[in-house]
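Thanks for coming. I'll take you through one structure today, starting with its sheet and working inward from there. Please have the sequence and the model open.

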Amino acid sequence: MSGRSAKGIDTGRVGSLITQLLIELGEDPTREGLIGTPDRVAAWWSAFLSPDGTATATPFTEARLSGQLVVVGGMSVWSLCEHHLLPMHLRVTAAYMPDGEVVGLSKFARIAQHFASRLQVRERFTRQIAEYLTDVIGREDVAVAVRGVHLCMSMRGVRMEEARTTTVHAGGCFRTNAVLSQQFLTVTVAQWGAP
């Protein structure tokens, strides 16, 4: 396999590096089972780091809507820890307060996928989603919670398989209104359920 992806990834070069990695790990890249593995890994890296679509979200005018809490949950994405290059499985819940405009619900998932498709840390990922939604609605009345399973903690180091880490960003009215903040967290925890 050769060529460059939309992000300029040289898949031929990545495949060669994976072949070299296999050799350094004491494997024979020409043995049955590993034939084609370097090309498959290179193709995966290229696809993962070049997601389809963009995070474009446009609000729709709904003049009679305001004062409602809108919570979008059930979003589940994979990203890669930039410290260990191991997967993170992230569950995302986002909320906002409409004020004459609403955001298309599918856009929340596209935004999460957009920011997950890169080397990442959960804290930055949470902030990026919140900042993007803030720009879309034109106000800071946004809350984002991200709960993650980090394989860098589950399968290496302390090897705590059940460990979960949560990051919460609360802006605008979610920061200043304790009742609204509690409503968001209650709905979020209910959506996440058990580990």
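Let me begin with the sheet. Five strands make up an open sheet, ordered β5-β2-β3-β6-β7, and the pairing is mixed. At the edges are β5, residues 119-120, and β7, each with a single partner strand, so one side of each has no neighbour in the sheet. Before I go on, a caution: this is a predicted model.

Now the pairings, one by one. At the β5 end, β2 and β5 run parallel and are joined by two bridges. L80 stands opposite L119 in β5. Further along the order, β3 and β6 run antiparallel, with nine bridges between them. In that pairing, L90 is opposite G148 in β6. At the other edge, β6 pairs with β7, residues 165-170, again in the antiparallel sense, over six bridges. There the bridge partner of V144 is H169 in β7.

Stay with β6 for a moment. How many of its nine residues are buried? Nine of the nine, so to put it plainly, the strand is mostly covered, given that buried means under 20% relative accessible area. Both faces are covered. On one side the buried residues are V142, V144, V146, G148 and H150. On the other side they are A143, A145, R147 and V149. Note that R147 is in that second group, so look at it on your screens as a buried residue by the under 20% cut-off.

Next, the overall layout. The protein has seven helices and seven strands. Along the sequence, the pattern reads α-α-β-β-β-β-α-β-α-β-α-β-α-α. The C-alpha trace spans about 65 × 40 × 20 Å along its principal axes. There are 195 residues, and 42% of them count as buried. Taking the contacts with a separation of 6 or more, 67% are between residues 24 or more positions apart.

That brings us to the interior. The largest nonpolar core has 29 residues, and those touching the most other members are V92, Y96, F108, F125, I129, L133 and V144. The elements that contribute two or more residues to this core are β2, β3, β4, α3, α4 and β6. Which of them gives the largest share? That is α4, with six residues. Apart from this core lies another, of ten residues, including I18, L22, L34 and A42.

Two residues of α4 are worth a closer look. The first one I'll show is F125, which sits in helix α4. Its relative accessibility is 0%, so F125 counts as buried. Leaving out neighbours within four places in sequence, F125 is in contact with V77, L90, V92, A112, F115, A116, Q120 and V146. Of those contacts, take V92: F125 and V92 are 33 residues apart in sequence, and their C-alpha atoms are 10.0 Å apart in space.

The other is L133, also placed in helix α4. L133 has a relative accessible area of 2%, so it too is buried. With neighbours up to four places away set aside, L133 is in contact with A94, F108, I111, V142 and V144. For a sense of scale, L133 and L17 are 116 residues apart in sequence and 38 Å apart in space, C-alpha to C-alpha.

Last item: empty space. How many cavities of 30 Å³ or more does a search of the whole structure find? One. The space in the largest cavity comes to about 50 Å³. Its lining consists of P59, Y96, M97, P98, D99, E101, V103, I137 and R139. Strand β4, residues 99-103, gives the most to that lining, with three residues. By type, the lining residues divide into six nonpolar, three charged and no polar. Y96 appears in this lining, and Y96 is also among the core residues that touch the most other members.

To finish, three places to look at on the model. One is β6, with nine of nine residues buried. Another is α4, which gives six residues to the largest core. The third is the lining of the largest cavity, to which β4 gives three residues. Happy to take questions.

Terms used
Residues numbered from 1 in each chain as written. Predicted model: local features only at pLDDT ≥ 70, side-chain atom pairs only at ≥ 80, totals over all residues. Heavy atoms only, no water. 1 Å grid on protein atoms, 1.4 Å probe; cavity = no way out; pocket = protein on both sides within 12 Å on 5 of 7 lines; lining within 4 Å. Points joined across faces, edges and corners; volume = space filled by probe spheres on them. Helix = DSSP H or I, 4+ residues; strand = E, 2+ residues; numbered from the N terminus. Nonpolar A, V, L, I, M, F, W, Y, C, P; charged D, E, K, R; others polar. Core = buried A, V, L, I, M, F, W, Y, C linked by side-chain atoms within 4.5 Å. Buried < 20%, exposed > 50% of the residue type's maximum accessible area, 1.4 Å probe, protein only. Pairing = 2+ DSSP bridges. Contact = heavy atoms within 4.5 Å.
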